[in-house]
Structure formats: structure tokens, C-alpha cells
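The following exercises are to be worked through with the sequence and the coordinates at hand. Each task is followed by a stepwise solution.

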Amino acid sequence: MNRKILISGGAGFIGSHVVRLFVNKYPNYQIHNLDKLTYAGNLKNITDIEKAPNYHFHKIDLVDAAAVNQLFTAHQFDAVIHLAAESHVDRSISNPLEFVMTNVVGTVNLLNAAKDCWKGNMEGKRFYHVSTDEVYGSLHDGGFFYEDTPYDPQSPYSASKASSDHFVRAYHNTYKIPVVISNCSNNYGPNQFPEKLIPLFINNIRNNKPLPVYGKGENVRDWLYVVDHARAIDDVFHKGKNGETYNIGGFNEWTNIDLIKVICKTADRLLGRAEGESEKLITYVTDRAGHDLRYAIDANKIMKELGWEPSLQFEEGIEKTINWYIENQLWMDEVTSGDYAKYYDTMYAER
Ligand code: NAD
Ligand code: DAU
């Protein structure tokens, strides 16, 4: 089947892996990547597919409703896979309004454009909203997040993502837009901006800089290799039922401090350093405000109903990831030039 798909945020971390998968796997689909190219958007993430005949790029800010409508009208997309967002919790604590604008207003702009374009003919259309497990809040007494776990967002970032999820469901209920939503756990892998734990720590290890562990390092996250998330998005997009939600996760929980020790040990080996050298860089710093204690996804629904499962064991994934950052020092140098030093100083100087 020929399809014209709009993927938002395709120059970002997860979006770039999704765009690559769709462009390569579905040559009969036209893939249109809409991205504002914020600090987190980087066209160098997708140079391998930029010349593919079924790939198109549009530099657009989702907050600009007129530009979004114009693009939709010009191309009459059959489907949307919406990943564009402000995605870093610490930045949402410093600047919540930016998150409201992109994550809430931007999502509503995209929904409105789809609604107007698809009015009277929703057949075969799909609006796929990519969301996060953080909308469910923080687990304190064991258990997992299920698809019907009540929303309880705790940070400005997760509140903005929860709000966007609610708008997507409201448009399904009110305007009958065919929607599907997935909520995924923490991703790791190549091309992640070094504001997030894993690439930031790999970069600091490389540069013999302190590794800033928030609080006591006891918070728990459930890590999934980014390509496995992209594969899950492919499955949800093609096989997910309209109006449904799918939780995506790796059943792979780590306390931050245990994860950091694995990263240090693996990096020492790959960099030819003496074992224990990188661990000496661990520095406990002031905790993140309102820091969620634990996230853990029950991914049984997508596994049973859509046949998805993670392809990589964590040990293999983390080694691949550290190797990628070591081999792609130029990528890291480029993304840490410019405003990065200013960001780092502001975010970490007072901790
Ligand atoms: P990212 O920050 O790496 O990339 C976001 C992309 O969106 C960038 O390319 C950026 O330029 C673009 N963007 C930002 N504001 C925009 C705007 N106003 N208009 C158009 N484009 C804009 O994010 P990511 O980590 O790849 O996350 C992608 C999506 O997946 C987000 O919706 C996020 O909430 C969700 N998610 C992320 C994770 C994770 O661990 N990273 C886990 C679950 C869900
Ligand atoms: O759960 C999915 C979410 O995972 C996504 O929706 C978000 O977009 C993504 O950023 C991620 O959120 P986290 O806050 O969990 O990721 P982050 O990499 O920022 O932090 C992971 C853990 O490490 C968290 O407990 C905070 C801690 N941390 C983070 C940084 C950046 C530190 O201890 N030190 C640090 O310097």
C-alpha cells in the first residue's frame, strides 16, 4: 500500500531511528519529517537516508498553527506519527512554559490539522501519538504501570505529556479521529542528546569529568534500546487497534547507581582503562526537584497482542551504545559545541 506519513520530531533521538526504519523498510511509503530543529534536533542523525527518494524534510515549528495547516493541506497525509516534544525533565523544571507550548499546543495544532484534512473521510487514517511512562507518576510500593493505571504526572514535562495524551483521546472521542497511543519507558542508544543520563555520563567519562548522580542514586528506571522502541512503534502503527493504548518497556529495571557502575566498568574496558578508574568520577549531587522514584512498565499487552518483544539484552545494548559514542566522537563534539557548555554550567553548577 502507498501511504504518505508525517513523522514529527524525526531529527531527534527516537524520531531519527523511527524515520530510518520507515524509510528503509517501506520504500512505497512517502515519509515526511517535520522538525523545528531545536537544540535536540540534528539532521546529522539521519544523513544515511536524507537522499532516499521516499524521504522529505520540513523545518517547521509545531506551535505555528498556520505552517502546520499549510503543510497538511499541501500533502494530504494519510497518517501521523507524532514524536516531536520537549523531552528533558530538568529543562521542564527550569522552563515549564516551553513544554506547554510544544507538547500541548503543538500537539493540538497537529490534531486540528489532521481533523480538518480528514473531515468526512477518516477511512484508513491514523494519528499515532508517542508518549511516555512518566504520565503514570512514580511507583513507591512495587508493581507496574499498566495501560489503565490512572494518570498522576509529577513533573512539568510529564504533566505536559499527560495533557497531550488527554487531547489525543478527546479528539478520538469527539471528532472520531482514529488514534493510537503508546507509552514507553526510558530509551538509550546512539544519537541521544547528552543531557540525558547515559550519553552525558559516557561523555563525562571520556573527558574525565565528574559523574553527577542525583540524590543517592536509588531511583529506578526501566531501560529499552531505542531501535527496539522504533520496532514497537512500527508494530503499533501497523497492527494497533484504533483508540487503544500500548505500554512499551524492556522489563529491565536498574537503580541509577547500579546502571552507572555498569557503564563505568564497560567504558573502562572499551577505553583500555584500569578497572575502577571511571567509578572514581562518581559524585553525589543535589537531587532533582520532585524526582520520581521508580518507573516500571508492564509490556505484556504489546507482547501478547502485537507479537513485539525486545531484540537486545541490556548488556549487549549498553556495550553497543558506549561503543557508538566512542566511535562517533565527532557527533558528540558537534552537539556539545555552542550552547551546551552554558546549559551544563547552569544545570550543574549549583548542585
Ligand atoms: P528529543 O528531545 O531527542 O527530540 C525531540 C525532537 O522534537 C527534536 O528533533 C526537536 O527538534 C523536535 N521538536 C521540539 N520542539 C518542536 C516543535 N515545537 N516543533 C517541531 N519539532 C520540535 O526527544 P526523544 O527523546 O527522541 O523523544 C521523542 C518522543 O518520545 C517525545 O515525545 C518523548 O516524550 C517520547 N519518549 C521519549 C523517551 C526517552 O527515553 N527519550 C521515552 C518515552 C517516550
Ligand atoms: O521514562 C521515560 C522518560 O525517560 C522520557 O519520557 C523522557 O523524555 C526521558 O528524558 C527520560 O526521563 P528521565 O528523567 O528518567 O531520564 P534522564 O536521563 O534525565 O534521567 C534518568 C535518571 O538519572 C533519573 O532518575 C535522573 C538521573 N540523573 C539524570 C541526569 C541527567 C542523574 O542522576 N544525573 C544526571 O545528570
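**Exercise 1.** Does Asn 208 count as buried, partly exposed or exposed, and at what relative accessibility?

*Solution.* Begin with the conventions. The model is predicted, so that local features need pLDDT of at least 70 and side-chain atom pairs count only at pLDDT 80 or more, whereas totals for chains, interfaces and linings use all residues. Residues are numbered from 1 along each chain as its sequence is written, chains are lettered from A and ligands numbered from 1 in the order in which they are written, and side-chain values use heavy atoms, with hydrogens and water left out.

Next, apply the classes: buried means under 20% relative accessible area, exposed over 50%, and partly exposed in between, with a 1.4 Å probe and protein chains only. Asn 208 has a relative accessibility of 49% and therefore counts as partly exposed.

Then locate the residue. Asn 208 sits in the loop between helix H6 (197–206) and strand E8 (211–214); helices (H or I, at least four residues) and strands (E, at least two) are DSSP runs numbered from the N terminus. Its backbone is also notable: Asn 208 is not a glycine, yet its phi is positive, at about 50 degrees.

**Exercise 2.** Describe the backbone angle, place and exposure of Lys 176.

*Solution.* Phi of Lys 176 is near 65 degrees, a positive value in a residue other than glycine. The residue belongs to the loop between helix H5 (156–175) and strand E6 (179–184). With a relative accessible area of 54%, Lys 176 is exposed.

**Exercise 3.** Characterise the protein as a whole, starting from its secondary structure.

*Solution.* The protein contains 12 helices and 12 strands. Its radius of gyration is 20 Å, close to the 20 Å that the globule rule gives for 351 residues, so the protein is as compact as a globular protein of that length. The radius is taken over C-alpha atoms, and the rule is 2.2 Å times the number of residues to the power 0.38. Along the principal axes, the C-alpha trace spans about 65 × 45 × 40 Å.

Turn now to burial and contacts. Of the 351 residues, 57% count as buried. Among contacts (heavy atoms within 4.5 Å) between residues at least 6 apart in sequence, 82% join residues at least 24 apart.

**Exercise 4.** Which side chain is joined to that of His 58 by a polar contact of 2.9 Å?

*Solution.* His 58 is found in strand E3 (residues 55–59). Its relative accessible area is 14%, which means that His 58 is buried. The partner is His 32, whose side chain makes the polar contact of 2.9 Å with that of His 58. Such a contact is a pair of N or O atoms within 3.5 Å; within protein, one must be able to donate a hydrogen and the other to accept it, and residues adjacent in sequence count only if both atoms are side-chain atoms. Not counting residues up to four places away in sequence, His 58 touches His 32, Asn 33, Leu 34, Asp 35, Leu 71 and His 75.

**Exercise 5.** Is Lys 196 buried or exposed, and what does its side chain contact?

*Solution.* Lys 196 lies in the loop between strand E7 (186–188) and H6. At 19% relative accessibility, Lys 196 counts as buried. Its side chain makes a polar contact of 3.4 Å with the side chain of Glu 195. Leaving aside residues up to four places away in sequence, Lys 196 touches Ser 87 and His 88.

**Exercise 6.** Set out the surroundings of two further loop residues, Leu 83 and Ala 299.

*Solution.* Leu 83 is placed in the loop between strand E4 (79–82) and helix H3 (89–94). With a relative accessible area of 13%, Leu 83 is buried. Beyond residues up to four places away in sequence, Leu 83 touches several residues, among them Ile 7, Ile 14, Val 18, Val 130 and Ile 233.

Ala 299 occupies the loop between strand E12 (282–285) and helix H9 (300–306). Its relative accessible area is 0%, and Ala 299 is buried. Not counting residues up to four places away in sequence, Ala 299 touches Asn 247, Gly 249, Phe 251 and Trp 308.

**Exercise 7.** How far apart in space, C-alpha to C-alpha, are Asp 258 and Gly 217?

*Solution.* Asp 258 is in helix H8 (residues 256–270) and, at 39% relative accessibility, counts as partly exposed. Asp 258 and Gly 217 are 41 residues apart in sequence, and their C-alpha atoms are 8.2 Å apart in space.
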